[in-house]
Amino acid sequence: MNISILTLFPDLYQAFLDTSLIGRARQSGILNVELVNLFNFARPGQRIDSPTFGHGAGMLLKPEIVAQAIDQHESQQGKAVKIFFSPQGRKLDQRVLQELSQRIAQVGHVMLVASRYEGMDARVEQVYADELLSVGDFVLMGGDLPAMMLLEGLLRYVPGVVGDAASVQADSFAGAFVDYPEYTHPVDWRGHMVPEVVRSGNHQAIEDWRAAQAAQKTVQQHFNWIQSSALTAPQRVLVNRYLPAHYAVLLHGDILLKDPNSPQGVRVGSSSVTSFDLHDIARSSLTYGLKNYFIVTPLKDQQRVVQTLLDFWNTGPGVYYNEHRHQAVGRVRLLSCLDDVIRDITVQEGRAPLLIATSARDVPHIQKITYYDQAEVWQHDRPVLFLFGTAKGIAPHVIDRCDYLLGPIQGMGEFNHLSVRSAAAIVFDRWLGNNIKNR
Ligand SMILES: C[S@@+](CC[C@H](N)C(=O)[O-])C[C@H]1O[C@@H](n2cnc3c(N)ncnc32)[C@H](O)[C@@H]1O
């Protein structure tokens, strides 16, 4: 494979290219690396950079210098997949690496163009870049470290560079999970033992243990990777084994009602139930793997309405009318207060749930979490209960009992008045959804 690196600082690469697996692959002829010094393309006395147009200080590489270096090098070495680097580019991850490694293998030549200063003139990227890559949402001084990072990732996919090709396929992020924990000698290191199963010699037991460990670690520490991955059926089973049980409750009691006569414009009371919320939140709950969806109302007449609907779907004509609705409504429980819900979950799970309030408003004194904070919540190893309010929202004294407040759902528009069933679906999707990123 041919690698061309266009840079202002070729010296940075010498040790990197001579060392370890890359050094060995070069020696054995698997890799042919050409370092191209961009300074060589400036005429004597010509500056390589020039100031940006518009106000604000900054220098950019001159477009004609970069263009000349690329054109000349491609005419000598053949067409390359040309990769530029920018914090504004496509974010590098293992999926991008896999995809790029295949594209580059077809062409046999990759050209990495490492910029410096304020970056590259936008037109050069437009004309030449086959790929604009970012190594993360932060700004470095130049593209040389990103180029080296890319090489370290890409070259693992080049046959012969890494001794054990199978290990590349088993490493973190090659699939839906991160790697399992590994151990070496001694068996007892400062009182910490290598797990017995790993030493058992039982290959199947070791395989099962590794798969379970990988799934558990990924659920607990990299759930966003799982969320963006396509899962096989056995992987889905493993993920569910390590996800804490989730529940939702829709509160029709202890909620705020509009009251023009009260100084705050609201009072605590109870609201009417709706069939939409019963059906739709039941279906969303089951879709996202929640164990139960509780409807709480202290009002006897409202309980009768809910019970009538539940009976229709659980034991009445609804069983045959729509079997999916029957299945979803089968997970709905009607109770008269939040304490009953907490008791029910505690009996099912053997531990009281963590309470996560949802609110369209900010509540200053409660610990806030965002839709990226699953690890923070799940580290408690307790079931999770999402609380949704009706009418004007959950009463403050109930929110005060909660462990966390989930930040308000926001769109890019000015309007922010979601129905509770839409809000519930969005919360479940952000928190537990599987939104596959692979193309
Ligand atoms: C100081 S940075 C330019 C930052 C640019 N003005 C911006 O804010 O997007 C100079 C060069 O470093 C490289 N670079 C810096 N951060 C990077 C990142 N996160 N990923 C990839 N390349 C990066 C790019 O080649 C970039 O053109």
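**Figure 1. Composition of the shell around the ligand in the predicted model.** The shell residues divide into 10 nonpolar, eight polar and one charged. Of the 19 residues around the ligand, those that come nearest are Phe 85, Gln 88, Glu 118, Phe 138 and Leu 140.

**Figure 2. Polar backbone atoms beside the ligand.** A nitrogen atom of the ligand lies 2.7 Å from a polar backbone atom of Phe 138. Phe 138 is also among the residues that come nearest to the ligand. At Val 135, a backbone N or O atom is 3.0 Å from a nitrogen atom of the ligand. At Gly 142, a polar backbone atom is found 3.3 Å from an oxygen atom of the ligand. The ligand on its own has 570 Å² of accessible area, and the protein covers 86% of this area.

**Figure 3. The pocket that holds the ligand and the strands around it.** The ligand takes up the space of the second largest pocket. Two elements, strand E5 (81–91) and strand E7 (131–134), give two or more residues each to the shell around the ligand. Strand E5 gives the most, with four residues.

**Figure 4. The cis peptide bond between His 185 and Pro 186.** The bond from His 185 to Pro 186 has an omega near 5 degrees and is therefore shown as cis. Pro 186 belongs to the loop between helix H7 (165–170) and strand E8 (188–189).**Figure 5. Asp 254, a residue with positive phi.** Although Asp 254 is not a glycine, its phi is positive, at about 55 degrees. Asp 254 is placed in the loop that runs between strand E10 (246–251) and strand E11 (255–258). With a relative accessible area of 37%, Asp 254 is partly exposed, because this value falls between the limits of 20% and 50%.

**Figure 6. Asp 381, a residue other than glycine with positive phi.** The phi of Asp 381 is near 55 degrees. The loop between helix H17 (374–378) and strand E17 (384–389) contains Asp 381. Asp 381 counts as exposed, because its relative accessibility of 53% is over the 50% limit.

**Figure 7. Ser 284 in helix H12 and its distance to Ala 424.** Ser 284 is part of helix H12, which spans residues 275–287. The relative accessibility of Ser 284 is 13%, so this residue counts as buried. Ser 284 and Ala 424 are 140 residues apart in sequence, and their C-alpha atoms are 7.7 Å apart in space.

**Figure 8. Gln 302 in helix H13 and its polar contact with Asp 301.** Helix H13 comprises residues 300–314 and includes Gln 302. Gln 302 has a relative accessible area of 11% and is buried. The side chains of Gln 302 and Asp 301 are joined by a polar contact of 3.3 Å.

**Figure 9. Gly 407 in a loop and its distance to Met 193.** Gly 407 is found in the loop between strand E18 (404–406) and helix H19 (420–432). The relative accessibility of Gly 407 is 22%, and this glycine counts as partly exposed. Gly 407 and Met 193 are 214 residues apart in sequence, with a C-alpha to C-alpha distance of 42 Å in space.

Key. Residues numbered from 1 in each chain as written. Predicted model: local features only at pLDDT ≥ 70, side-chain atom pairs only at ≥ 80, totals over all residues. Heavy atoms only, no water. Near = heavy atom within 4 Å. Polar contact = N/O pair within 3.5 Å; in protein donor to acceptor, adjacent residues only side chain to side chain. Areas by Shrake-Rupley, 256 points an atom, 1.4 Å probe, with all protein chains shown as cover. 1 Å grid on protein atoms, 1.4 Å probe; cavity = no way out; pocket = protein on both sides within 12 Å on 5 of 7 lines; lining within 4 Å. Sits in = over half its atoms within 2 Å of the grid points. Nonpolar A, V, L, I, M, F, W, Y, C, P; charged D, E, K, R; others polar. Buried < 20%, exposed > 50% of the residue type's maximum accessible area, 1.4 Å probe, protein only.
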